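Let's take a walk through this one together, from the broad layout down to a few individual residues. Have the viewer open as you read.

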Amino acid sequence: MSTFKNNNEFGSRLMNHGLRTICLVSSLVALNLAGCDFHAPQFHLNMVQMLSDATPTPKPYQEQIADVLDGMFGTPDEPFALPETGLDIRKLKMSAGPAWTDKKGAAFGLYRQHCVHCHGIDGDGQGPTALFLNPYPRDYRQGVYKFKSTYNPAKPTDEDLQRVLINGIPGSAMPSFSLLASAEIESLVEYVKYLSFRGQMETALTNYVYNDLGEEEITDEIGEPVLDDEGEPVTKLIPLDPENDEEQRTAITEMLAEIVEGWNEANEQIIVPEEDAIPTDVENLKALAASAAKGRELFYGTRANCMKCHGPTGLGDGQQDDFDIWNKAHKQFLDSVADGSGEPQLATEREEVAASLYPIRNAIPRNLRNGIYRGGNRRIDLFWRIYAGIAGSPMPGSGPASPGAQGTLTEEEMWNIVDYVLSLPYEDASRPQRALPINTELVN
Amino acid sequence: MVKQLTHVRTNKLNRYTCALLLTGLMLVGCRRVTDLGPVANPSAAAKAREALLGDTSGGEGSAEVVTGTGWATLKGTFIFDGAPPEMPPYNVNKDTAACTIHGKAPLQETLLVDSATKGIANVAIFVRKASRVHESAQATNEQVLFDQKECVFLSHVFPFVLGNTMDIKNSDPVGHNTNIDGKNSFNQTIPVGETIAFKPQKEEAVPVSVRCSIHPWMSAYFLPRENGYVAVTSEDGSFEIEYLPAGEDLEFQVWHESAGGPGSSLVLTTPEAKELKWSSKGRFKVKLAEDEVKELNLTVPSDAFGL
């Protein structure tokens, strides 16, 4: 009996062992087949742009654009930057590649350690966690940033990006990275800029290919067009080939120069408030209250018009139907896929890309009664938001659109609004103030 | 015995779970859905890099472009062929007192066809590149009015020559913000009765959208160009571009907001368009003789608008 029992145990153990091996082997085979990327991650193209209604890009061009971008910017593991970009390759290499630490404790692969799970390897804001976040993580590829010290269309300065990294973005999933060494923060800022340069270059190349290359009629030796059986001229795609085409090389160099110039100009585009326009001594409560009262009048009046979007009670419940530029681009793409317009040859691919996009969200104006300010809670932060608006979002600016241009409000008036907005969370919430009559009668 | 049997059974269960998970993984894989489209080919990329690292300056010695002398005119009409669509009213859901006329919302302007002439309004037609620009087509440092009333932009398609200044006006009793898309990216509040000057700097290849975030139904299009070789058809569908450089291949782009081509380019396949080798991007080329006045009367079938 006991021998039998032992035998049985032995047999079952043997079977166990066998099955375990099968399990292990099949798991390895399965993983290999499924292509769980053990190999180095690669940059992918912005397929919404490639397959958009405005710039339908045939497959050969997609491949050529990927090649040129790789030539100009390298890969996620081996970043590269042409000298004219001014990007610091050593800083980039600290953030690129897999995360590891050398013997001295210096960290590498910072982007993949800290950022990639939300912002994605391409910086497209579609990392694995992005779907669960509201707001969605920023897509860097347009080179548009919200929380900055510069005029609306200008790029952010390095300090602006550093501030966001150090403070995080209150009210969003973006945490503070203030525990990182300053060299690491600088390296990450450089890498984020690099991803923006790359994304902007991709857009420029896509537009260039659509606008200036494309199909060309094939001609025979005497310059006559070659015709097919139906008498239609035969065409071929002019390849994107900077290696052999000097004109294209020059065009690409110019496109890059324009992108780099935009970033280099940022420091000249900083909004510096005039000293004498700052009306309030914040220590003087009476003056502060008077300034806030003026700000309130502007907030609800028809000149500043804040109330139209932020709502008659400042809860952010006014106009909520608009979109930011990132959601708008996806919405336009989804709409055009839904109504079946666009290149028929790209239809299947377009549907595949449409299915991969996250749900579209409206741009909801900020609830100003929470006292949470995404771009920072200093008076200057709020001043910049009111002055320049928020790039990429529907929030308009009230100051001049560029240095020397005509503003809507004076700087003093904008400081008044700052003071009112900062006082809004402390207004009695159960008896919110009503809008001024001047604007209420027009709200139905 | 009994104890052992359960033990074996749990093991079996574990194995099944393991197998199930693996099959699942095999089927699903762990690729992200956004990993679509091609990736770079390293050898092609290396060649592109080498080329771009090389000296690209001094590449001016390309073939000389033929530039003629004198000037010419292109004019014509776009005539709708088919039953003109009826325009629905704008979806006015805010500020109805100010944004309606006698309680009625204004009609949309996505495709305006003149009932008498069947002419199509708001078709933009412009030269993509010109080697010479006549002084009458250059910017004159003018202030050009861009107005809004009853929550409608009064210039639905607004051609603009860079160098001029845009006077963005609000003729309504409610506040607006004017949000211009594209390379010039402008978004500023325009208070009641006031005018804000804006100087765009960059050219666009096709018209870009202009919106108001406060009244999201408001919609117009803005087309800044480096020269004045741009026209937008009037109510009767007619246009005229004067002082075009004669003696060179001029490529025109034709655009209408509701047209079915890529980026709303107007693609025509009619015999008269075929003669002009009208492309699938809504472009055609003509070479005009000195002092020539070329007239193009184009019929636009309703299917060019996907109708």
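What percentage of the 307 residues in chain B do buried residues make up? The answer is 37%. Keep in mind that this is a predicted model. It scores ipTM 0.84 and pTM 0.87, and for chain B the mean pLDDT is 88, with 87% of the residues at 70 or more.

Staying with chain B for a moment, its secondary structure comes to four helices and 17 strands. Take the contacts in chain B between residues at least 6 apart in sequence: 67% of them join residues at least 24 apart.

Among those strands, look for an open sheet of five in chain B, with the order E6-E12-E11-E8-E9 and mixed pairing. E6 (157–161) and E9 (186–190) of chain B stand at the edges, and each has a single partner strand, so one side of each has no neighbour in the sheet. On average, neighbouring strands here are turned by 25° against each other, direction ignored. Further in, you can follow E11 (208–211) and E12 (219–225) of chain B, which pair in the antiparallel sense over four bridges. One handy spot to look at is Ser209(B), which stands opposite Tyr221(B) in E12(B).

Now for how the two chains meet. Here 75 residues of chain A are in contact with 62 residues of chain B. Several helices of chain A each supply at least two residues to the side that touches chain B, including H1 (2–34), H3 (59–73), H8 (182–212) and H9 (246–264). The largest share, ten residues, comes from H1(A). Sorted by class, this side of chain A has 32 nonpolar, 28 polar and 15 charged residues.

Next, the interior. In soluble globular proteins, nonpolar side chains tend to be buried together. The largest nonpolar core in this model has 94 residues, and those with the most contacts inside it are Ile417(A), Val418(A) and Ala124(B). Helix H15 (residues 411–423) of chain A gives this core its largest share, seven residues. Zoom in on Ile417(A): leaving aside neighbours within four places in sequence, its contacts are Gly295(A), Leu298(A), Phe299(A), Ala304(A), Cys306(A) and Ile386(A). There is also a second, separate core of 59 residues, which includes Met50(A), Cys118(A), Val189(A) and Val353(A).

One of the residues touching Ile417(A), namely Ile386(A), takes us to helix H14 (residues 379–388) of chain A. This helix is mostly covered, with seven of its ten residues buried. The buried ones run Leu382(A), Phe383(A), Trp384(A), Arg385(A), Ile386(A), Tyr387(A) and Ala388(A), and the buried residues of H14(A) pack against H15 of chain A. Right after H14(A) comes Gly389(A), with a positive phi near 75°.

That brings us to backbone geometry. Most residues other than glycine have a negative phi, and most peptide bonds are trans. Chain B offers two non-glycine residues with a positive value: phi is near 65° in Lys118(B) and near 65° in Asn122(B). Lys118(B) lies in the loop between helix H3 (96–99) and strand E2 (124–127) of chain B, and Asn122(B) is found in the loop between H3 and E2 of chain B too. Buried or partly exposed: which is Lys118(B), and which is Asn122(B)? A residue needs 20 or more other C-beta atoms within 10 Å to count as buried. Lys118(B) has 18, so it is partly exposed, whereas Asn122(B) has 24 and is therefore buried.

For the cis case, turn to chain A, where the peptide bond from Asn134(A) to Pro135(A) has omega near 0° and is cis. Pro135(A) sits in the loop between helix H6 (116–119) and helix H7 (158–167) of chain A.

A last stop is Ile218(A), in the loop between strand E3 (214–217) and strand E4 (235–238) of chain A. With 13 C-beta neighbours inside 10 Å, Ile218(A) is partly exposed. Ile218(A) and Val234(A) are 16 residues apart in sequence, yet their C-alpha atoms are 5.8 Å apart in space. Not counting residues up to four places away in sequence, Ile218(A) touches Val226(A), Val234(A), Thr235(A) and Lys236(A).

Terms used. Residues numbered from 1 in each chain as written. Chains lettered and ligands numbered in written order. Predicted model: local features only at pLDDT ≥ 70, side-chain atom pairs only at ≥ 80, totals over all residues. Contact = placed C-beta atoms within 7 Å. Nonpolar A, V, L, I, M, F, W, Y, C, P; charged D, E, K, R; others polar. pLDDT = per-residue confidence, 0-100. Core = buried A, V, L, I, M, F, W, Y, C linked by C-beta atoms within 7 Å. Buried ≥ 20, exposed ≤ 12 C-beta atoms within 10 Å, placed from the backbone. Pairing = 2+ DSSP bridges. Axes fitted to C-alpha atoms, helices over the stretch in contact; angles between N-to-C directions.
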